[in-house]
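Below is a short report on selected features of the structure. Please read it with the sequence and the model at hand.

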Amino acid sequence: MNDAAANTTSPAANIVRARGLAKRYGTTVALDNVDFDIAAGRIVGLIGPNGAGKTTALKAILGLAEYEGQLSVLGLDPRTQRTQLMQQVCFIADVAVLPRWLRVSEAIDFVAGIHPRFSREKCLAFLARTKLQPRQRVRELSKGMIVQLHLALVMAIDAKLLVLDEPTLGLDILYRKEFYQSLLNDYFDEEKTILVTTHQVEEIEHILTDLIFIQNGRLVINASMEEIGERYCEVMVGPDKIEAARALRPLNERGIFGKTVFLFDGIDQKRLAELGELHKPSVADLFVATMKGTYA
Amino acid sequence: MNTQIGTARSNPTQTFAWLLKREYWEHRGGFFWGPMIAGGVMIVIAMLTLIIAEATAARHGISINGMNLDAISRNMTADQVRIFNSGVTAALMGISVPVMVTLFFVVFFYLLGALYDDRRDRSVLFWKSLPISDLDTVLSKVATAVVVAPLFAIAATIVLHIVFLCLISVYAAFHGVNPLPLLWNPVPLVSMWIKLVCMIPLNALWALPTVGWLLLCSSFARSKPFLWAVALPVGFGLMVGFTQLLRQLSIPDSWYWKNIVARILFGVFPGGWFNIGNGKLWTAGSGDDFNFSLSRLDLVNSLLNWNQILNALGSLDLWLGAIAGVGLIAAAVYFRRRRTEAYS
């Protein structure tokens, strides 16, 4: 392997590097010249309202759709080097995409047969924790069990990047919790990178290291969770100080138990502390505040 | 140097074998059970026929006991044996026709769904999450259609032949006739089976335009690939017929139906190349006399004749079609690469 190839994929380099990434469907702009980098060993949440361009971005990264601009994933071009890329990238796109006729044992045999980085032992170990039987067909499984199978297959692959597009859509809370717990405990390490989109922000908030908010094809926020904790602050303000708080141009305000909660972006926290009690905003609150007026 | 992309490589041959296995898993009902059931139906029909024949014979007091086939066979000349063998071969080929028709329908609809069904149920996203190139995926479907499915059909045909011969033998033995020397002559049987297998490459070459066209529709259509595959060429043909476009170029309309429509829709019928050799097959069936004339036996046997096969291999039609088929398959790969959606 030559040095150039080694450089582009060394751990320090970005797993994903996008410059001027754009995609149009007719007159609709799905992605509007976005730039972003995703470093190794991160868990990045790509959050946005419906139709914001999340899936378009993921499809571009996975080489499933055409795009304009520059995009490099693990140093490869997703358009022309998809097959090589897929040795290093796994994805679970939406639930229930496993073919309905496939048996559990066939799924394992097939992936073991064609994927050089698949470990049958690991996969069987994951499946041992579930109720799945080798002879069962996907069509006999519940939605939650299908995701368990898909996750077991994917977690047994030693990939550098895992892309999850609404992986837990339609699952009950037990399966959802288990899904992210398995990912965090049994899969994720500093060698791996996870890129996830979901509408259930509250559930993945605590596992994310980075957050990307996307709206109308543009990135609204692209920061690490630490940066977000420093930048954004919620203050619970009594009625007497409301005007003073509004003067600081909050992103959002909402009433709660006779008090008003203001969300501020980049205001000195000492100054905010004078107005009332400080809180770290939840990603969901931040999302609602940032995306105000999306569907209006 | 630290671990890099490509430290582990998949083995291309192994990957392709798994792709073929996947097609079999998904379609074993059509590839395996389809021809077997068609053969089974023929056996049931043969049994019923024998039972009815027996009952009828008994009712009318006809006895075929005492007919000494043994003695007849010993006294036959070499030429007569050849004719008898031709008759057996023709009969066996005849009862295999339903198996081949089944194979045609199975392969036709397999190809139409091959690159469409997984887009409709979105499992294409799972297959595309694995390190398999779109070229390999499409080629595995081509190979399944022209090699794997015919092999299963031939296996079913051989089983059908053996069961049928057993049935006839038991019937003959029941009437005190030893069937072994004539019916179970291994030379024509085995040579027929070997030729069936040897014809797979020729059938495959002949089928390429159909394989390519159906796969292209399957990978291109966002919905209803069957309509694309059938309505488009037929509609175009009707339009050309009305506007007399081809006739103005002094090409008869039948040329379009025979060399375009038939080639892109019916090419997967086994032995479809046969009429390009001497064109006898389609005229031979018009005679009403029930005598198995020598020429008719020869006709069936000529389907299995090496000269006939070599003739077909030398025809321009075959190779032009094959080239067009490769182009259509390339277009199917192109759309497989770009299209992951379908309307359900």
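Chain A of this predicted model contains 12 helices and 13 strands. The chain has 296 residues, and 54% of them are buried. Its contacts between residues at least 6 apart in sequence can be divided by separation: 69% join residues at least 24 apart. The area that chain A exposes is about 13,100 Å², and 50% of this comes from carbon and sulfur atoms.

**Positive phi in chain A**

Two residues of chain A that are not glycine have a positive phi. For Glu166(A) the angle is near 50 degrees; for Arg249(A) it is about 55 degrees. Each of them sits in a loop. That of Glu166(A) runs between strand E6 (161–165) and helix H7 (173–187), while Arg249(A) is in the loop between helix H10 (242–247) and strand E11 (252–256).

Are these two residues buried or exposed? Glu166(A) counts as buried because its relative accessibility is 9%, and the limit for that class is under 20%. Arg249(A) is exposed because its relative accessible area is 73%, where the class requires over 50%.

**Two helix residues in chain B**

In chain B, Met47(B) belongs to helix H1 (residues 12–59). With a relative accessible area of 39%, Met47(B) is partly exposed, since this value falls between the limits of 20% and 50%. Met47(B) is also one of the residues in a nonpolar surface patch, together with Val44(B), Leu48(B), Ile51(B) and Ile52(B). The accessible area of the patch residues together is about 470 Å². Patch residues need over 30% relative accessible area, so the 39% of Met47(B) satisfies that condition.

Leu196(B) is located in helix H8 (residues 186–220) of chain B. Its relative accessible area is 8%, so Leu196(B) is buried. Along the sequence, Leu196(B) and Ile158(B) are separated by 38 residues; in space, their C-alpha atoms are 9.7 Å apart.

The accessibility values for the residues discussed are listed here.

| Residue | Relative accessible area | Class |
|---|---|---|
| Glu166(A) | 9% | buried |
| Arg249(A) | 73% | exposed |
| Met47(B) | 39% | partly exposed |
| Leu196(B) | 8% | buried |

Methods
Residues numbered from 1 in each chain as written. Chains lettered and ligands numbered in written order. Predicted model: local features only at pLDDT ≥ 70, side-chain atom pairs only at ≥ 80, totals over all residues. Heavy atoms only, no water. Patch = residues over 30% accessible without salt bridge, like charges linked within 9 Å, V, L, I, M, F, W, Y side chains within 5 Å. Areas by Shrake-Rupley, 256 points an atom, 1.4 Å probe, with all protein chains shown as cover. Salt bridge = Lys/Arg side-chain N within 4 Å of Asp/Glu carboxyl O. Helix = DSSP H or I, 4+ residues; strand = E, 2+ residues; numbered from the N terminus. Buried < 20%, exposed > 50% of the residue type's maximum accessible area, 1.4 Å probe, protein only. Contact = heavy atoms within 4.5 Å.
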